[in-house]
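Student: Could we go through this model together, one helix at a time?

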Amino acid sequence: MVVAIVAAEAAFWVLLLGGLVVRYLARRERLSIWLLRGVPLVDVVLVTLVAADLAQGAAPSLAHALAAVYLGFTLAFGHATIAWADARFRHRFADGPAPVKPAKGSRAEVRGLWREWLRVVLAAAIAAGLLLVLVAVEGDPVPGSAEELARHPYWSVLALLGVITAGWFLAGPAFAGRGEPEHEGAAR
């Protein structure tokens with residue numbers, strides 16, 4: 001299962017970069033659209049592999065839990081990652097405008113921090129939902145102690161998702177304030 005997760009990550013980047021290379025270097029817009037549309041299919045294949053593995057009687061594992069986390073993060077961050085890479089390719093290879101980074105301490109930067117953190121919340125929620133489905137399918141009871149929680153692959157990853165989400169909040173928008181208006185933030 002770990003191999004499937006690594007292969008899914010590799011396929012994500014191969015399809016993304018392949019789609020952008022075909023779009024901007026080969027100038028084949030229609031083909032690039034098809035390659036980029038293949039990115040979500042990687043997630044469908046991974047879900048199918050996890051379901052097949054569990055249907056064949058595989059024991060709950062950390063690899064199954066990581067597949068749920070991978071799916072959550074690719075669903076929440078996939079579109080933004082593609083847009084980020086597309087803007088840079090367009091600038092580098094198609095004379096597009098340079099990507100604009102908001103001024104440090106500006107309201108635009110603070111809005112970006114909040115947007116990113118909300119994507120983390122969405123990713124964690126998707127992963128948690130998938131993990132809870134796996135828990136329900138397996139019929140695993142809620143752990144009675146922290147030690148039981150730490151030993152179970154699904155429950156421990158569920159707890160870790162909460163820690164990651166809280167840590168991202170503290171490292172990102174928690175202390176960013178409201179930001180300065182754009183004209184003041186850009187003058188720094």
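Tutor: Certainly. One definition is needed at the outset: the expected span of a helix is 1.5 Å times one less than its number of residues. Please bear in mind that the model is predicted.

Student: How far does α1 reach from its first C-alpha to its last?

Tutor: Helix α1, residues 2–24, has 23 residues and reaches 33 Å, close to the 33 Å expected.

Student: Which residues of α1 are buried?

Tutor: They are Ala-4, Ile-5, Ala-8, Phe-12, Leu-16, Gly-19, Leu-20, Val-22, Arg-23 and Tyr-24.

Student: And what covers them?

Tutor: The cover includes α2 (29–37), α3 (39–55) and α4 (62–93).

Student: Turning to α4, at what angle does it pack with α5?

Tutor: The angle between α4 and α5 (residues 107–138) is about 145 degrees, and their axes lie 8 Å apart. The crossing of these two helices is right-handed.

Student: Which residues make that contact?

Tutor: On α4, they include His-64, Leu-71, Gly-72, Phe-73 and Phe-77. On α5, Glu-116, Arg-119, Ile-126 and Leu-134 are among them.

Student: How many residues of each class does the contact of α4 with α5 have?

Tutor: It has 17 nonpolar, two polar and two charged residues.

Student: A different topic: is Ala-51 buried or exposed?

Tutor: Neither: Ala-51, which is found in helix α3, has a relative accessible area of 45% and is therefore partly exposed. Buried would require under 20%, and exposed over 50%.

Student: What separates the C-alpha atoms of Ala-51 and Pro-181?

Tutor: A distance of 49 Å separates them, and the two residues are 130 residues apart along the chain.

Conventions:
Residues are numbered from 1 along each chain as its sequence is written. This is a predicted model: local features need pLDDT of at least 70, side-chain atom pairs count only at pLDDT 80 or more; totals for chains, interfaces and linings use all residues. Side-chain values use heavy atoms; hydrogens and water are left out. Helices (H or I, at least four residues) and strands (E, at least two) are DSSP runs, numbered from the N terminus. Buried means under 20% relative accessible area, exposed over 50%, partly exposed in between (1.4 Å probe, protein chains only). Contact means heavy atoms within 4.5 Å. Axes are lines fitted to C-alpha atoms, for helices over the stretch in contact, and angles run from 0 to 180 degrees between N-to-C directions. A crossing is left-handed if the near helix is turned anticlockwise from the far one by less than a right angle, and right-handed if clockwise. Ala, Val, Leu, Ile, Met, Phe, Trp, Tyr, Cys and Pro count as nonpolar, Asp, Glu, Lys and Arg as charged, and the others, Gly among them, as polar.
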